[in-house]
Amino acid sequence: MKGAGIAGGFELTLPADLRVLGENAKYGVIEVDLGIFPHQGSTQRLPRLVGIGRAKELVLTGEYIDPADAERCGLVTEVVPDADVDERARELADDLTEKAPLGIQSALEAFGATFDVPLEDGLDIEHRLAMRVYGTDDRREGFEAQLEGREPQFEGR
């Protein structure tokens with residue numbers, strides 16, 4: 001995000017798996033200064049990203065968070081010069097397309113259960129998903145490519 005990600009714009013970034021922020025971006029939730037409160041994820045997603053204390057601070061003060069501080073607390077993946085935001089976001093997306101799609105899909109599914117189930121149930125979900133991908137052509141290709149010192153050619157099967 002470059003420029004400004006405030007109020008609803010800030011909240012639109014919260015579900016993203018990776019967030020790139022420009023070093024001069026205005027980023028924060030200001031709804032309490034508008035007579036309302038953020039109600040598109042900041043009271044639910046934000047604490048899961050940065051912890052309840054930091055989330056309360058951001059929501060209740062309505063202050064912008066410094067981009068470097070947003071990176072330090074895990075709110076954003078990376079802070080780059082404003083002019084490089086789009087290019088870096090594309091690089092991250094391109095890198096992900098080179099990974100095993102079934103592995104990415106399974107990891108995201110496992111992450112989706114992280115805060116919804118007890119740890120033991122989450123570990124069971126993780127194991128079940130792992131066993132599902134272990135029998136795939138992509139797993140075989142990934143291991144073979146690693147052993148042969150080449151880039152894998154994943155096909156999503």
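Here is a walk through this structure, from the overall chain to its core and then its pockets.

Keep in mind that you're looking at a predicted model. The chain averages a pLDDT of 92, and 100% of its residues score at least 70. Confidence does vary along the chain: strand β1 (residues 4-6) has the lowest mean, at 83, while strand β4 (residues 78-80) has the highest, at 96.

Now for the layout. The protein chain has eight helices and four strands. If you trace the sequence from the start, they come in the order β-α-β-β-α-α-α-β-α-α-α-α. The C-alpha trace spans about 55 × 40 × 20 Å along its principal axes. Of the 157 residues, 30% count as buried. If you take the contacts between residues at least 6 apart in sequence, 55% of them join residues at least 24 apart.

Next, go inside. The largest nonpolar core has 15 residues, and the ones touching the most other members are F10, Y27, L46, A70 and L75. Two helices, α2 (45-50) and α3 (52-61), each supply at least two residues of this core. The largest share comes from α3, with three residues.

L75 is a handy place to zoom in. Setting aside neighbours within four places in sequence, L75 is in contact with F10, L14, R19, Y27, L46, L49, V50, L58, I65 and A70. Try picking out F10, Y27, L46 and A70 around L75; along with L75, these are the core residues that touch the most other members.

From the core, turn to the open spaces. The largest pocket holds about 550 Å³ of space. Its lining takes in 18 residues, with P15, D17, L49, F111 and F115 lying nearest the centre. Helices α2 and α6 (101-112) are the elements that give two or more residues to this lining. By type, the lining has nine nonpolar, four polar and five charged residues. L49 is worth a second look, since you've already met it: this residue is in contact with L75 and is also among those nearest the centre of the largest pocket.

The second largest pocket comes in at about 280 Å³. It is lined by 17 residues, and those nearest its centre are A100, L102, G103, V133 and R139. Here α6, α7 (119-134) and α8 (137-148) each supply at least two lining residues. The lining divides into 10 nonpolar, four polar and three charged residues. Helix α6 is a good landmark for finding your way between the pockets, as α6 gives two or more residues to the lining of the largest and at least two to that of the second largest.

Terms used:
Residues are numbered from 1 along each chain as its sequence is written. This is a predicted model: local features need pLDDT of at least 70, side-chain atom pairs count only at pLDDT 80 or more; totals for chains, interfaces and linings use all residues. Side-chain values use heavy atoms; hydrogens and water are left out. A nonpolar core is a set of buried Ala, Val, Leu, Ile, Met, Phe, Trp, Tyr and Cys residues joined through side-chain atoms within 4.5 Å. Buried means under 20% relative accessible area, exposed over 50%, partly exposed in between (1.4 Å probe, protein chains only). Contact means heavy atoms within 4.5 Å. On a 1 Å grid over the protein atoms alone, a cavity is a set of points where a 1.4 Å probe fits but cannot get out, and a pocket is an open set with protein on both sides within 12 Å along at least five of seven lines; lining residues have an atom within 4 Å of a point. Grid points are joined across faces, edges and corners, and a volume is the space filled by probe spheres set on the points. Ala, Val, Leu, Ile, Met, Phe, Trp, Tyr, Cys and Pro count as nonpolar, Asp, Glu, Lys and Arg as charged, and the others, Gly among them, as polar. pLDDT is the predictor's confidence in each residue, from 0 to 100.
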